[in-house]
Amino acid sequence: MTADLSPIDRAKFVAAKRAVEYVEDGMRVGLGTGSTAAWMVKCLGELVRDEGLKFTGVATSKRTAELAQQVGVPIVTLDEARWLDLTIDGADEYDHNLHLIKGGGGALLQEKIVATASDQMIVIADISKQVEALGAFPLPVEILKFGWQTTKALVEETLVSLDVLGQTTSLRMNRDEPYITDEGNYILDLHLRRIGNPRQLSLVLNQIPGVVENGLFIDICDIVIIGNGDGSVEVR
Ligand code: ABF
């Protein structure tokens, strides 16, 4: 599975490989979305096949559910699982408080619901995701289609009132059409450069009617496992 990996893929793979060591028999495990999380799902598939690991997964996107099926990871819905022991997912940025920006892959809503329903959340990442302050990566905000332009204007007004740097927003596109999430919503990407107070911004954004959820994960992540291109791993 790992022959001829580029340094970046090796970094993602070794982080994923270390993270699956936390999965024990009988656990209910949230399965993240994205290229790093995909390595984790493949590693779990290997453990099921080669070592008879018995656990159930809850996918955070259609993509992840499909991959899990392909590699033989048993999946149930979150409603069937109700509460999870552990979620393993990627991130777009993490800071020294282990606050995150997620949602670059478009699955932030299910990712946040699943991570919040877990006793423990482990983020797997390469070192490029580590930042001094969140915000260089555009902050995804999932919004309803209904009245989306009004919601966008309200979000922009809110950013101005909070004096957040940058302040441009764009509707995420998929070729010539708006990007549609698994839940049938749109995504606004907020280009902010630096988020001084992520906790406040997250709370205020979620007060806006039309906003379904934002990509700031505050006090949700417990551990970050960082993979490096040379195959070494750090745990924070
Ligand atoms: C998911 O995948 C997202 O929340 C995040 O946007 C993205 C990270 O993707 P990758 O691992 O491909 O960089 O975890």
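## The largest pocket

About 200 Å³ of space lies in the largest pocket. This is a predicted model, so let's take the tour with that in mind. The pocket has a lining of 17 residues, and those nearest its centre are Thr33, Gly34, Ala91, Asp92 and Gly105. Helix α2 supplies the largest share of that lining, with three residues.

## Helix α1

Let's turn to helix α1, which covers residues 7-19. From the first C-alpha to the last, its 13 residues reach 18 Å, close to the 18 Å expected at 1.5 Å a residue.

Buried positions in α1 are Ala11, Lys12, Phe13, Val14, Ala15, Ala16 and Ala19. A lysine, Lys12, is thus listed here alongside Phe13, Val14 and several alanines. The partners that the buried residues of α1 pack against are one helix, α2 (35-51), and the strands β3 (84-89), β6 (118-126), β14 (223-227) and β15 (233-235). Readers who have just left the pocket will recognise α2, the helix that gives the pocket lining its largest share.

## Helix α6

Further along the chain comes helix α6, residues 148-162. It has 15 residues and spans 21 Å between its first and last C-alpha, close to the 21 Å expected at 1.5 Å a residue.

Which residues of α6 are buried? They are Thr151, Val155, Thr158 and Leu159. Viewed down the axis of α6, the buried residues fall within an arc of 100°, so they line one face of the helix. The other side of α6 carries the exposed residues Gln149, Thr150, Glu157, Val160 and Ser161. Threonine therefore turns up in both settings, with Thr151 and Thr158 buried and Thr150 exposed.

What do the buried residues of α6 pack against? Their partners are the strands β7 (139-143), β8 (168-171), β11 (186-191) and β12 (211-214), together with helix α7 (198-205). Just after α6 comes Asp163, whose phi is positive, near 60°.

## A three-stranded sheet

Finally, here is an open sheet of three strands, running in the order β4-β5-β13 with antiparallel pairing. The edges are held by β4 (93-94) and β13 (216-217), each with a single partner strand, so one side of each is left without a neighbour in the sheet.

In general, the strands of a sheet pair through backbone hydrogen bonds, in either a parallel or an antiparallel way. Here β4 pairs with β5 (residues 100-101) in the antiparallel sense, over two bridges. Across that pairing, Glu93 stands opposite Ile101 in β5.

Conventions:
Residues numbered from 1 in each chain as written. Predicted model: local features only at pLDDT ≥ 70, side-chain atom pairs only at ≥ 80, totals over all residues. Heavy atoms only, no water. Helix = DSSP H or I, 4+ residues; strand = E, 2+ residues; numbered from the N terminus. Expected span 1.5 Å × (residues − 1). Buried < 20%, exposed > 50% of the residue type's maximum accessible area, 1.4 Å probe, protein only. Arc of directions from axis to C-beta. Contact = heavy atoms within 4.5 Å. Pairing = 2+ DSSP bridges. 1 Å grid on protein atoms, 1.4 Å probe; cavity = no way out; pocket = protein on both sides within 12 Å on 5 of 7 lines; lining within 4 Å. Points joined across faces, edges and corners; volume = space filled by probe spheres on them.
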